[in-house]
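Dear colleague,

I am passing on the model we spoke about, with the sequence alongside. Please keep it open while you read the notes below.

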Amino acid sequence: MQSIGRRLWQRCSCRQLSSSSSGRGKVEELSPAKAGSLAHQLREKLNNTKNCNESSLSLSTLLSHAGLSSSTGNSNTPLSPPIDLATTYERPADGNYGEGGLIYSRSCNPTRKLLQDAIGQLEVVSHGQIIAPTFAFSSGMAAVASLLLAQKSPVKVLVPEDIYHGVPTQLHVCLNDHGIVHESVDMTNAYDIRQTIEHHIDSKSNGHDGALVVWMETPSNPLCQVTDIQSICDLVNDVRCQHQNANIITVVDSTWAPPVITRPLLLGADAVLHSGTKYLGGHSDVLLGTISCSPINESGKFIAERLKSVQTSIGAVASPLECWLTLRGLRSLHVRVERQCQTAMKLANYLDGHEHIAKVHYPGLASHPQHATAKRQMAMYGGMLSFEVKNESMAMAVAGAVSTIRRATSLGGTETLIEHRASIEPPERRTSPPGLLRMSVGLEDADDLIDDLKIALDIASQICDNN
C-alpha cells in the first residue's frame, strides 16, 4: 500500500508542480487549503484501488459509520443522516421520474434505503463490496409474514420445537387459514430434519410444488438451543441435488445473534431475519424487522425478487423515523453486544452454581448441549440467557423481588430485563417450562446485577419455603 501511495503521490505532485510553475521561473508556494485538497484527492485515488477500499475495514468500524455518506472533501457532509419524511415526490415536467427516481415512500424511502444497505453490507461483510438485498418492515412479525407470503404456494414451514411463540401463533391463528401449514422438528437433530424433509418430498399430497421453508432460530427463545446453521444448509443443499424440483428455502431468525455474533448468509442460509426492535435498535424505542437475502445462493436471489414485490404491494414498510433510530443503534451495536455478552457470561456462571437454580441455559457454558456448535458458529455467546427454579411460584417471586433488573418483555436494550415466559405464552402453545425466567442482559455493572439476583433469590426462597 505504501508503494501505491508513493506512486500516486508522485503523479499528483508532478501535475501540481507543472500547473503551478507554468510560464514562471519558480514554483508557487503550496497553500494549506491546497495541501488539504490535494491530500484528499490522493487518498480518494488510493481508496479506489482494489487494495484499499471499504471492504477491508473491520465490522466494528463499519458499524460506527452506519448510514454515513462518504466525505466529498468539498462540502460539509452531515455526520448524522437526515430523516426523509416525505411520502411523495414531485414528478418532472417531462413525466419521466428517471431510473431509480423517488416516487412514493411505500416503494422507496431514502432513510429506509440507508438502513437496508447498511444491514445488507454487515451480513456479508467478508465478501468485498457485495451487499445482501435487505428489506425493512414495520415489525419483526411483519417480516415473518412477508417472507412466507413471498414463497410459492402451497407453503409448509418446518419450525424448531423451541421457538419464539409469536411465530407458531401467527402460523396457527392467521396464516393457516391461507394454506400455510407448519410442523415442529428438533432443529438440533440433523437426522430428524432430513427425515422430515424427505417425507415431505415423497408425500403425494405435497409433490414437488410449492415451498418447504426450513425455519431456524438460533439461539432459540427461550431455551438458548443452538442450531448448526452450516450443517442444516449443507443438508438442504444435498437434498436439492437429489431432488432438483424440490423448492426448499433455509431461513435463520438470528435476532438473538446479530451480525457481530453470527452472519448466517455466510454459513449458507438463503435468508436471515432480525427483529430490529431488539439488538439492532438497542434502546427499546424501535419497532422494526429486517430480512436479508443471500446474494450468493440462487434461492436467496429468488427470494429477494419476491420480497421486493411483497414489501411494496403489502406495504408493511418500516417508517423513516424507525429506520433512522435503528441506524443510530447500529453505530453502537458492537460495543453494546460485546459488553452484554461479557456480563451474560458472568451471570450464567454465578447462577450455574447457585443452590436455588435447577438449570441454566446459556451457550457459553461448557455444560450447554450445543456449546461446541456455539463456539464454532458464534463470535460471542450472546446477551440472552434463561434459568429455571423449582416451580412457577418461585419464578414469579424471583421476578417480583428484583430491583435493578426490570420486569418486562422484549430484549436487546441497555437495561437488563427479566420475564416469566410461560405466563404470557398461549396456554395451548407454551414452549417455556413453568419455572423458567428469561433474562436480556443490559449494560449495567455485572456485580450490581449479581447482587440484585442474590437478594431476589434469597427473598423468593424465604417466601416459598415458609408458605
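What follows is a description of the confidence of the model, its two sheets, some backbone details and its internal spaces.

This is a predicted model, in which local features need a pLDDT of at least 70 and side-chain atom pairs count only at pLDDT 80 or more, while totals for chains, interfaces and linings use all residues. Residues are numbered from 1 along each chain as its sequence is written, and side-chain values use heavy atoms, with hydrogens and water left out.

The pLDDT, which is the predictor's confidence in each residue on a scale from 0 to 100, averages 91 over the chain, and 90% of the residues score at least 70. Over residues 12-23, however, the pLDDT is below 50, and this stretch has twelve contacts in the model beyond near neighbours in sequence, a contact meaning heavy atoms within 4.5 Å. Where pLDDT is low, the predicted coordinates should not be read in detail.

For the sheets, helices (H or I, at least four residues) and strands (E, at least two) are DSSP runs numbered from the N terminus, and two strands pair if DSSP finds at least two bridges between them. Strands of a sheet pair through backbone hydrogen bonds, either parallel or antiparallel.

One open sheet has seven strands in the order β1-β7-β6-β5-β4-β2-β3, with mixed pairing. Its edges are β1 (134-137) and β3 (180-185), each of which has a single partner strand, so one side of each is left without a neighbour in the sheet. Neighbouring strands of this sheet are turned against each other by 20 degrees on average, direction ignored; here axes are lines fitted to C-alpha atoms, for helices over the stretch in contact, and angles otherwise run from 0 to 180 degrees between N-to-C directions. At one end of the order, β1 pairs with β7 (residues 289-293) in the antiparallel sense over four bridges, and A136 stands opposite T290 in β7. Helix α6 (residues 166-173) lies across β2 and β3, running at about 145 degrees to β3, whereas helix α7 (residues 190-202) lies across β2, β3, β4 and β5 (248-253), at about 150 degrees to β3.

The other open sheet has five strands, ordered β8-β9-β12-β11-β10, and its pairing is also mixed. Here β8 (359-361) and β10 (406-407) stand at the edges with a single partner strand each, so one side of each is left without a neighbour in the sheet. Three bridges join β8 to the antiparallel strand β9 (residues 384-388), with K359 opposite E388 in β9. Helix α11 (residues 333-352) lies across β8, β9 and β12 (436-440) and runs at about 10 degrees to β9, while helix α13 (residues 392-401) lies across β9, β10, β11 (417-420) and β12, running at about 155 degrees to β11.

Some backbone details deserve a look. The peptide bond from S153 to P154 is cis, with omega near 0 degrees, and P154 lies in the loop between α5 and β2 (155-160). A cis peptide bond also joins T218 and P219, with omega about -10 degrees; P219 is found in the loop between β4 (211-217) and α8 (229-242). C224 lies in the loop between β4 and α8, and its phi is near 60 degrees, a positive value in a residue other than glycine.

For the spaces, a 1 Å grid is laid over the protein atoms alone: a cavity is a set of points where a 1.4 Å probe fits but cannot get out, a pocket is an open set with protein on both sides within 12 Å along at least five of seven lines, and lining residues have an atom within 4 Å of a point. Grid points are joined across faces, edges and corners, and a volume is the space filled by probe spheres set on the points.

The second largest pocket holds about 360 Å³ of space, and of its 22 lining residues the closest to its centre are M141, Y164, T255, S275 and K278. The largest share of this lining, three residues, comes from α5.

Two cavities of 30 Å³ or more are found in the whole structure. The second largest cavity, with a volume of about 30 Å³, is lined by P219, C224, W256, P363, Y381, G382, G383 and M384.

Best wishes
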